Amino acid sequence: MDKLIIAGREFSSRLLIGTGKYSSNKVMADSLHASGTEIATVALRRVDIDNPADSMLAAIDQKKYLLLPNTSGARDAQEAIRLARLARAASGINWLKLEVTPDPYYLLPDPIETLKAAEILVKEGFIVLPYINADPVLAKKLEDVGTATVMPLAAPIGTNRGMTTRAAIEIIIAQSNIPVVVDAGLGLPSHAAEAMEMGADAVLINTAIATAADPVMMAEAFKKAVEAGRAAYLAGPAGVKFKASASSPLTGFLRNE
Amino acid sequence: MNNSIIEILKQKQLDGNGEKYIERMNSISQADVELELSKVNAAYSLERLMTLISPAATNYLEEMARQARQLTIQRFGKTIQFFEPLYVSNFCINSCRYCGFNRKSDAPRTRLTIDEAIADADIIASEGFRNILIVSGEDKEHIGTEYLTKLAEKLRQKFATISIEIYPMSQEDYHTCTVAGIDGLTMFQETYNSIAYKYYHPAGPKSEYNFRILSPDRAASAGMRRLGLGVLLGLCDWRVETLAMAEHSHYLMKKYWRSQVNFSFPRIRPALNTPHDYKHLVNDADMVQMMCALRLCFADSGITLSTREPAKFRDNLINICVTQISAGSKTNPGGYTTEKDSLEQFQISDDRTPEQIAQLVKSHGYEAVFKDWDRAFTK
Amino acid sequence: MLKLKINGQEKEFIESDFPQTLSALLAHLSIAEETVVAEVDAQIIERKNFASEKLKPNSQVELIRFVGGG
């Protein structure tokens with residue numbers, strides 16, 4: 001399979017995995033392994049000082065996986081920038097999944113604050129992977145300010161509804177010069193395959209794996225679906241049967257010379 | 001990702017005679033073409049375009065025309081845009097072997113003062129046109145940013161869009177033009193084959209292939225909304241030229257997403273004092289195939305057909321995939337106001353009046369659009 | 001009593017127990033240094049400076065770490 005290249009770094013896997021909502025660190029680690037992923041997203045939270053349990057970070061082998069901190073919880077650009085700086089201080093990693101979600105119900109990304117934050121963070125040296133609604137104009141504006149990817153959502157996060165924004169993501173893929181990672185809302189391996197067949201460069205999955213009855217087995221199913229979808233995209237899909245028409249109403253004039 | 005079009009064409013070996021592509025296109029089968037035509041709304045790829053312009057696809061012209069027509073109506077509606085060229089100077093310091101403005105041509109030269117140009121433009125406006133294209137030979141001393149700025153500021157009062165088809169400029173000069181209200185650039189590369197380019201443009205500033213090919217980049221960076229590409233059909237193998245032009249267009253569309261790419265299809269026509277021994281002349285069927293193939297790869301690109309083409313050919317193509325036509329065009333400076341015998345750039349073939357052509361467009365069930373956009377909304 | 005605001009909660013210390021440095025505070029809370037990032041009065045403190053970062057009464061301390069997230 002061809003390599004995924006983000007900000008000059010090569011990845012063999014085109015599946016990014018979110019680490020939230022797992023029943024245990026062990027199941028999370030086993031799922032990461034089964035998925036074949038090389039990029040795992042993590043969030044930042046305050047330590048519960050009355051009950052400082054062990055950090056989950058120990059469960060993620062950072063030699064195998066690139067840690068991709070996100071800015072979840074940020075409600076505006078300023079909060080996202082603060083979280084980004086904290087994430088870099090905590091991990092030494094300048095990769096960042098930028099998400100700004102002012103609404104507490106659907107967690108839909110704020111396009112204006114995201115663009116503002118992206119512009120500043122790119123200047124501060126971050127490799128920015130912004131989570132966005134499937135908005136082609138926003139995607140181009142983010143590319144213009146120097147983000148490493150765009151990550152349009154397929155459906156509201158956690159809904160598992162599949163490629164509900166397909167028509168807009170088609171345009172984003174057609175216009176983008178940076179990798180397009182379809183994020184959020186992909187509930188089944190077939191949804192991931194659909195995104196990859198369309199020409200998405202990668203997908204990010206969290207809820208669909210973490211909340212499956214058997215997350216490890218589902219992680220492997222997504223791995224296969226992403227590979228199959230990418231291969232189908234590269235192979236060039238066959239069309240529906242072509243039917244020739246006998247008459248030539250449009251081009252007949254070419255023969256009447 | 002950040003390669004320039006020069007590097008892209010070099011890497012893909014599309015800046016030469018494209019031998020390997022000719023070989024590959026010759027091996028494309030009818031089954032390959034049928035497979036390609038069965039894909040609905042497929043995106044551009046070099047492979048798709050090669051299949052659609054291959055010799056095998058000549059047997060599927062009717063189906064290509066049918067799909068091209070459907071796609072054009074779907075994206076543009078049943079409308080045809082009208083525009084008219086305004087030739088302001090036929091002085092030229094270039095030596096293009098195919099052109100009537102060639103500096104070695106001893107025919108009389110004319111350049112219009114601003115007032116003379118406005119007089120021609122008034123006639124164009126009175127015919128109903130609201131889209132105008134300023135055309136000039138490479139006459140930098142006279143037709144510079146100062147002239148263009150002054151002219152554009154006057155034209156703005158009467159025309160909704162103003163484009164230029166002149167020599168390549170710096171980004172700064174393009175910016176000056178856009179500020180003055182010029183919002184479209186037409187810059188035909190003539191040929192993407194850099195060796196043939198050198199041959200056909202032996203001297204003068206136009207001999208600089210790289211500076212010319214990067215003009216749309218500079219213009220788009222300066223804010224031009226429409227970028228017109230074209231190859232002079234007849235200089236080199238049309239199939240290879242189509243692939244190179246498509247790569248150029250694809251690159252521009254992705255990089256300058258605010259600008260619209262338009263394709264033109266200038267065919268070599270007899271001009272004064274130029275030789276007539278072109279080996280790659282393009283016939284009507286070739287040209288229809290080329291236009292339809294580009295439409296099937298670029299659903300949203302403008303396709304322009306000028307009065308170089310005969311009336312009957314234009315009438316048929318209106319029904320397939322053309323979105324813009326010129327009408328009533330004079331290709332000599334001052335041609336609208338006087339009958340004076342100044343040097344024409346080329347001979348036109350469709351000499352019907354704009355009104356006659358508009359009538360014909362209507363008879364096909366299309367609306368003839370003299371303007372579709374008002375500057376007042378953006379300036 | 002001397003106070004610190006830690007992750008939004010007020011903590012009171014008798015004067016002799018007041019943690020003089022960030023490292024001392026983390027030890028007091030039984031939190032491993034390598035698992036957290038800290039802000040003192042809205043300034044990010046590099047981990048290598050935890051031991052030298054002096055705490056003053058009424059400082060606001062934020063202790064943050066990575067958790068699972070998508």
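This passage describes how chain A is built and how chains B and C sit against chain A in a predicted model.

In this predicted model, local features need pLDDT of at least 70 and side-chain atom pairs count only at pLDDT 80 or more, whereas totals for chains, interfaces and linings use all residues. Residues are numbered from 1 along each chain as its sequence is written, chains are lettered from A and ligands numbered from 1 in the order in which they are written, and side-chain values use heavy atoms, with hydrogens and water left out.

A good place to start is chain A. Eight helices and ten strands make up its secondary structure, where helices (H or I, at least four residues) and strands (E, at least two) are DSSP runs numbered from the N terminus. Its C-alpha atoms fill a box of roughly 90 × 40 × 35 Å along the principal axes. Of its 257 residues, 53% are buried, meaning under 20% relative accessible area with a 1.4 Å probe and protein chains only (exposed is over 50%, partly exposed in between). Among contacts (heavy atoms within 4.5 Å) with a separation of 6 or more in chain A, 66% link residues 24 or more positions apart.

Strand β10 (residues 202-205) of chain A offers a closer look. Ala202(A) and Leu204(A) point one way, Val203(A) and Ile205(A) point the other way, and all are buried. Strand β3 (residues 15-18) of chain A runs parallel to β10(A) and is joined to it by three bridges; strands pair if DSSP finds at least two bridges between them. In this pairing, Leu15(A) stands opposite Val203(A). Strand β9 (residues 181-183) of chain A is also parallel to β10(A), again through three bridges, with Asp183(A) partnered by Leu204(A).

Turning to the interfaces, two pairs of chains touch, and chains A and C share the most contacts. Here 23 residues of chain C meet 30 residues of chain A. The buried area, which is the accessible area (1.4 Å probe) that two parts lose on being put together, summed over both, is about 2,400 Å², with 62% from carbon and sulfur atoms. Within chain C, Arg65(C), Phe66(C) and Gly70(C) lose the most area to chain A, together 33% of what that side buries. Strand β4 (residues 39-46) of chain A runs antiparallel to β5(C), joined by five bridges, and Arg45(A) stands opposite Arg65(C). Two salt bridges cross this interface, each a side-chain nitrogen of Lys or Arg within 4 Å of a carboxyl oxygen of Asp or Glu. Arg82(A) forms one with Glu39(C), the closest N and O atoms being 2.5 Å apart.

The interface of chain B with chain A brings 25 residues of chain B into contact with 28 residues of chain A. About 2,100 Å² is buried between them, 63% of it on carbon and sulfur atoms. One salt bridge is found across this interface: Asp144(A) and Arg258(B) meet with an N to O distance of 3.7 Å. Helices α3 (30-37), α5 (61-76), α12 (238-255), α13 (284-297) and α14 (311-318) of chain B each supply at least two residues of the side that touches chain A. The largest share, six residues, comes from α5(B). Chains B and C have no contact with each other, and their closest C-alpha atoms lie 28 Å apart.
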